[in-house]
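Here is a brief report on one protein model and its ligand. It takes the ligand site, then the empty spaces, then single residues.

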Amino acid sequence: MRILVTGGAGFIGSAVTRLLAQQRGATVLVVDKLTYAGDRRSIRDCEGKHGFQFLEADICDLPRMRAAMAEFRPDAVMHLAAESHVDRSITGAADFIQTNIHGTFCMLEAARAYHASLDGAAKATFRFHHISTDEVFGSLGPTGAFSETTAYDPRSPYSASKASSDHLVRAWHETYGLPVLVTNCSNNYGPYHFPEKLIPLVILNALEGRDLPVYGDGSNIRDWLHVEDHARALVTVVERGRVGETYCIGGRAERRNLAVVETICDVLDQRRPAVRPRRELIRFVTDRPGHDQRYAIDCSKIERELGWRQQESFESGIAGTIDWYLANDWWWRPLREGKYTGERLGLLPAKAG
Ligand SMILES: NC(=O)c1ccc[n+]([C@@H]2O[C@H](COP(=O)([O-])OP(=O)(O)OC[C@H]3O[C@@H](n4cnc5c(N)ncnc54)[C@H](O)[C@@H]3O)[C@@H](O)[C@H]2O)c1
């Protein structure tokens, strides 16, 4: 398989790239702009594997995307490049609109031209796989779960931009016959996760004895999916998913944010005992504006139709993730000292009067 992976230097894209290039013997072209969230060190072990190639480029550059597809001749495009942090979308939505919506439009147009140039088996088997989020479905009450038939109800600039991109992808399928697949997944965690996100931020702050910020009262619930389980699901979908279908991917691991932070404290206390229990570092801070209360995913469709299952429980996954951060400070330390030092993101200015 020849796979073009956009955003392959990011958190999930790098897990997909490592799986494809190191374990599946695929030839991968990563297209990545290397924003603050992209890091070639996350895929350094793929260099030299099966013709692996890296193209530093912006997905909004349509002529370059057309040329990349024409030259690389992918069997599939896996589109993960995006601005991905909700907090950053609250204070600076422009990049989200540009990359997530216009960038997806450019990828679709490039793929449409490339697909039209194919014939025979290559045309019949080409796939455009768009990777999206469960946040497009909005916020749940105490019960129920999102599924492939849930109506869209995005509430943050990030989720609205991802919802827009999902609609574009489906429109390119219905209107132009582009063979697309869409996946919507829950919150990922695992190795190589940029330390602005909850789990790596808490692991590293706890390790350094710094405050552990918990938004609001910590009661918001997320479903947690290990990034390597997610990568396996994505490769399964691109190989065997039915064209035009959506698949929801979840971890079957709902946890309150406070419980996630407490678990990290407890595992770290076992691994690296500190003077006082790390739970004492927890600080409740001003909530995120428009903070969705609960996400949960019904992933029975991908389990039933494609036979995918999570391999990690939350307990095994979080312990492995903590061990990875303990063993790999070469990866995160330069990020903590340079690109993001842990300051609060995503707060609106206080209202006057
Ligand atoms: N992380 C999650 O929990 C999660 C959950 C559901 C869905 N998703 C989706 O999965 C995808 C990957 O998420 P992630 O967490 O790996 O994100 P990430 O922020 O870690 O990585 C994004 C990557 O895209 C690249 N990129 C950004 N703008 C670009 C542009 N204009 N052109 C080319 N490359 C660009 C960045 O350099 C980076 O390497 C995104 O589409 C995201 O919406 C993520």
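How do the residues of the shell around the ligand divide into nonpolar, polar and charged? The shell has 13 nonpolar residues, twelve polar ones and four charged ones. The model is a predicted one.

## The ligand site

The ligand is surrounded by 29 residues. I12, D32, S84, Y158 and K162 are the closest of them.

Three polar distances can be listed for the ligand. I12 offers a backbone N or O atom, which lies 2.7 Å from a ligand oxygen. S84 acts through its side chain: an N or O atom there is 2.7 Å from an oxygen atom of the ligand. K33 has a polar backbone atom 3.0 Å from a nitrogen atom of the ligand. On its own, the ligand has 840 Å² of accessible area, and the protein covers 97% of that. Four elements give two or more residues each to the shell: α1, β5 (127-133), α6 (157-176) and β7 (187-189).

## A pocket and the cavities

Where is empty space left between the atoms? Rolling a probe the size of a water molecule over the atoms shows this.

The second largest pocket has a volume of about 180 Å³. Its lining consists of A15, R18, L19, Q22, Q23, P191, Y192, E228, A231 and R232. Two helices, α1 (11-23) and α8 (227-240), each supply at least two of the lining residues. The largest share comes from α1, with five residues. Helix α1 thus has a part in two sites, since it also gives two or more residues to the ligand shell.

The structure also holds three cavities of 30 Å³ or more. The largest cavity contains about 60 Å³ of space. It is lined by 14 residues, and those closest to its centre are A37, D39, Y192, F194 and W331. Y192 also appears in the lining of the second largest pocket.

The second largest cavity contains about 50 Å³. V86, E135, R155, S156, R222, R288, G290, H291, D292 and Y295 line it.

The table sets out volume and lining class for these spaces.

| Space | Volume | Nonpolar | Polar | Charged |
|---|---|---|---|---|
| Second largest pocket | about 180 Å³ | five residues | two residues | three residues |
| Largest cavity | about 60 Å³ | eight residues | four residues | two residues |
| Second largest cavity | about 50 Å³ | two residues | three residues | five residues |

## Backbone angles

Which sign does phi have in most residues? Most residues other than glycine have a negative phi. L34 has a positive one, near 55°. L34 sits in the loop between β2 (27-32) and β3 (53-56). With a relative accessible area of 27%, L34 is partly exposed.

R252 is not a glycine either, yet its phi is positive at about 50°. R252 belongs to the loop between β10 (246-249) and β11 (254-256).

## Single residues and their contacts

Is N328 buried or exposed? N328 is buried, because its relative accessibility is 15% and the cut-off for buried is under 20%. N328 lies in the loop between α11 (314-327) and α12 (329-337). Its side chain makes a polar contact of 2.8 Å with the side chain of W330.

T27 is a residue of strand β2. T27 counts as buried too, at 16% relative accessibility. A polar atom of the T27 side chain lies 3.2 Å from the backbone oxygen of H50.

R24 is found in the loop between α1 and β2. R24 is partly exposed, with a relative accessibility of 41%. How far apart are the C-alpha atoms of R24 and W224? They are separated by 25 Å, and the two residues stand 200 residues apart along the chain.

## In brief

The protein covers 97% of the accessible area that the ligand has on its own. Helix α1 contributes to the ligand shell and gives the second largest pocket the largest share of its lining. N328 is buried in its loop position, whereas L34 is partly exposed in its own.

Methods:
Residues numbered from 1 in each chain as written. Predicted model: local features only at pLDDT ≥ 70, side-chain atom pairs only at ≥ 80, totals over all residues. Heavy atoms only, no water. 1 Å grid on protein atoms, 1.4 Å probe; cavity = no way out; pocket = protein on both sides within 12 Å on 5 of 7 lines; lining within 4 Å. Points joined across faces, edges and corners; volume = space filled by probe spheres on them. Nonpolar A, V, L, I, M, F, W, Y, C, P; charged D, E, K, R; others polar. Near = heavy atom within 4 Å. Polar contact = N/O pair within 3.5 Å; in protein donor to acceptor, adjacent residues only side chain to side chain. Areas by Shrake-Rupley, 256 points an atom, 1.4 Å probe, with all protein chains shown as cover. Buried < 20%, exposed > 50% of the residue type's maximum accessible area, 1.4 Å probe, protein only.
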